[in-house]
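Me: Can you walk me through this one? I'd like to start with a single residue and work outwards.

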Amino acid sequence: MAGKSALLRNTLIQKGPRVSSVSFWVPLQERKYATNSGTPEASQLERIRERLESGPNFQDFVQNPDYNREDWSAYEGKLRREKGENERLRLPPWLKTKIPMGKNFTRIKEQLRELKLATVCEEAKCPNIGECWGGGEHGTQTATIMLMGDTCTRGCRFCSVKTARAPPPLDPDEPVNTATAIASWGLDYIVLTSVDRDDLPDGGSKHIAATIAEIKQRNPRIFVECLAPDFRGDTECIETVALSGLDVYAHNIETVEALTPFVRDRRARYRQSLECLAAVKRFNPNLITKSSIMLGLGETDEQVEQTMNDLRSVGVDCLTLGQYMQPTTRHLKVIEYVTPEKFQHWEERGKALGFLYTASGPLVRSSYKAGEFFISSILRKRAEATTSAAKVKDGIDVTNEGGKHPHP
């Protein structure tokens with residue numbers, strides 16, 4: 001309750017029919033409290049003021065705000081499963097989320113059903129679905145659309161998406177339906193992902209590219225991120241998506257190299273994923289690339305560090321690290337619940353290694369609102385820089401507010 005009364009976390013900026021979400025923290029230090037200084041309530045308020053003065057940081061932004069650091073450090077439950085143990089670990093407080101509900105949540109779900117669209121939010125049982133679809137406190141909803149149906153040709157041991165050797169054929173109306181839904185939401189940033197379709201000659205790359213083109217045609221200003229498959233390492237398919245007009249090309253490495261054969265489908269190889277990300281930069285050097293690592297599967301710190309170095313070596317710009325959570329009893333069990341402090345450590349390492357942006361937290365996923373907000377800022381700055389450079393090249397004095405005085 002103290003956190004809700006003492007912090008203003010979100011505001012909306014209305015721009016015609018479009019809504020941009022700006023997130024920040026504001027300590028309400030000027031508020032006066034009418035209370036006796038000798039009461040327990042006064043002491044509690046003093047502790048709240050002290051906590052506010054230290055100020056929340058980015059880690060608080062991407063983690064569950066309903067649990068403060070005092071709760072986390074006081075947790076005495078077991079966080080790691082030893083070798084040979086079969087009992088599942090209890091969920092620590094920093095991973096508990098609210099049951100999804102609310103008008104926004106219901107509305108976006110109904111619209112997706114009407115247009116026959118699938119989302120990775122539902123299929124992968126993402127713990128952030130209530131916050132993203134419901135819009136949190138600021139009412140701006142986000143969904144990650146999953147293209148090419150809800151059935152994958154691969155069977156990774158961490159993923160709850162349905163699998164089949166021969167999924168249903170592609171829906172030819174999906175690119176238009178997807179673009180229609182996104183245009184009606186008035187978003188600034190949208191994330192597309194897809195199942196693997198090894199049954200298709202091009203892996204579905206042309207279908208993905210067509211969807212991106214439809215979205216950009218309706219709103220050229222929207223930023224599009226695509227979490228793409230590895231296309232079996234086919235560089236022609238990777239080129240098709242990389243040159244489709246998207247803004248962020250994401251492909252997840254998922255885990256460290258030593259665990260890859262046990263965690264991912266055998267067709268999803270660690271080195272193949274690295275080569276995919278490297279190929280994107282060769283085809284489109286200005287495209288932002290992004291990847292994600294799950295923690296809690298038994299990896300060592302040295303292995304995580306090596307994976308981060310490998311991603312930087314192929315030019316990956318953005319990195320997310322989040323807690324692996326077992327979706328069903330048929331999937332891999334959690335070996336360890338990584339503490340928020342350890343996630344903070346990996347965020348700092350990401351900055352030191354030169355990633356443009358690193359999001360690291362228990363509930364961080366490859367597609368998450370906090371990440372989209374920061375990447376949007378990066379993309380806007382790049383667009384502004386490109387526009388300014390073009391004006392200088394055309395002989396326009398961009399330092400003059402009049403704007404169009406040619407250089408002599």
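Me: Which residues does valine 195 touch, not counting those up to four places away in sequence?
Reply: Keep in mind that this is a predicted model. In it, valine 195 touches Met146, Leu147, Met148, Gly149, Asp150, Thr151 and Cys152, plus Val161 and Pro229.

Me: OK, and where does valine 195 lie?
Reply: Look in the loop between strand 7 (189–194) and helix 9 (205–218).

Me: Is valine 195 buried or exposed?
Reply: Buried. The relative accessible area of valine 195 is 3%, and the cut-off for buried is under 20%.

Me: Threonine 151 was on that contact list. What separates the C-alpha atoms of valine 195 and threonine 151?
Reply: Those two C-alpha atoms are 6.6 Å apart, although the residues are 44 residues apart along the chain.

Me: Let's switch to cysteine 156. Where does cysteine 156 lie?
Reply: Cysteine 156 is in a loop too, the one between strand 5 (151–152) and strand 6 (162–163).

Me: And what is cysteine 156 in contact with, leaving aside neighbours within four places in sequence?
Reply: Val263, Arg264, Asp265 and His331. You can also check arginine 266: the C-alpha atoms of cysteine 156 and arginine 266 are separated by 8.2 Å, with their positions 110 residues apart along the chain.

Me: How much of that long-range contact is there in the whole chain? I mean, what share of contacts between residues at least 6 apart in sequence join residues at least 24 apart?
Reply: In the chain, 70% of those contacts do.

Me: While we're on the whole chain, how many helices and strands are there?
Reply: There are 15 helices and 12 strands. The chain has 408 residues, and 49% of them count as buried.

Me: What about the surface, how much area does the chain expose?
Reply: About 20,600 Å², with carbon and sulfur atoms supplying 52% of it.

Me: Now some helix packing. At what angle do helix 10 and helix 12 pack?
Reply: Helix 10 (residues 235–242) and helix 12 (residues 270–283) pack at about 55°, and their axes are 9 Å apart. That angle makes the two helices oblique to each other. Their crossing is right-handed.

Me: Which residues make that contact?
Reply: From helix 10 you have Thr235, Ile238, Glu239 and Ala242, and from helix 12 you have Cys276, Ala279, Val280 and Phe283. Sorted by class, the contact of helix 10 with helix 12 has 6 nonpolar residues, 1 polar and 1 charged.

Me: How does helix 12 pack with helix 13?
Reply: Helix 12 and helix 13 (residues 301–313) pack at an angle of about 35°, with axes 10 Å apart. Tyr270, Arg271, Leu274 and Leu277 of helix 12 meet Gln306, Thr307, Asp310 and Leu311 of helix 13. By class, that contact of helix 12 with helix 13 has 4 nonpolar, 2 polar and 2 charged residues.

Me: Last topic, backbone angles. What is phi of phenylalanine 231?
Reply: Near 50°, so a positive value in a residue other than glycine. Most residues other than glycine have a negative phi. Phenylalanine 231 lies in the loop between strand 8 (223–227) and helix 10, and counts as buried at 3% relative accessibility.

Me: And what is phi of glutamate 254?
Reply: That one is near 75°, again a positive value in a residue other than glycine. Glutamate 254 is found in the loop between strand 9 (248–250) and helix 11 (260–263). With 14% relative accessibility, glutamate 254 counts as buried.

Technical notes
Residues numbered from 1 in each chain as written. Predicted model: local features only at pLDDT ≥ 70, side-chain atom pairs only at ≥ 80, totals over all residues. Heavy atoms only, no water. Helix = DSSP H or I, 4+ residues; strand = E, 2+ residues; numbered from the N terminus. Buried < 20%, exposed > 50% of the residue type's maximum accessible area, 1.4 Å probe, protein only. Contact = heavy atoms within 4.5 Å. Areas by Shrake-Rupley, 256 points an atom, 1.4 Å probe, with all protein chains shown as cover. Axes fitted to C-alpha atoms, helices over the stretch in contact; angles between N-to-C directions. Parallel < 35°, antiparallel > 145°, perpendicular 65-115°, else oblique. Left-handed = near helix turned anticlockwise from the far one by under 90°. Nonpolar A, V, L, I, M, F, W, Y, C, P; charged D, E, K, R; others polar.
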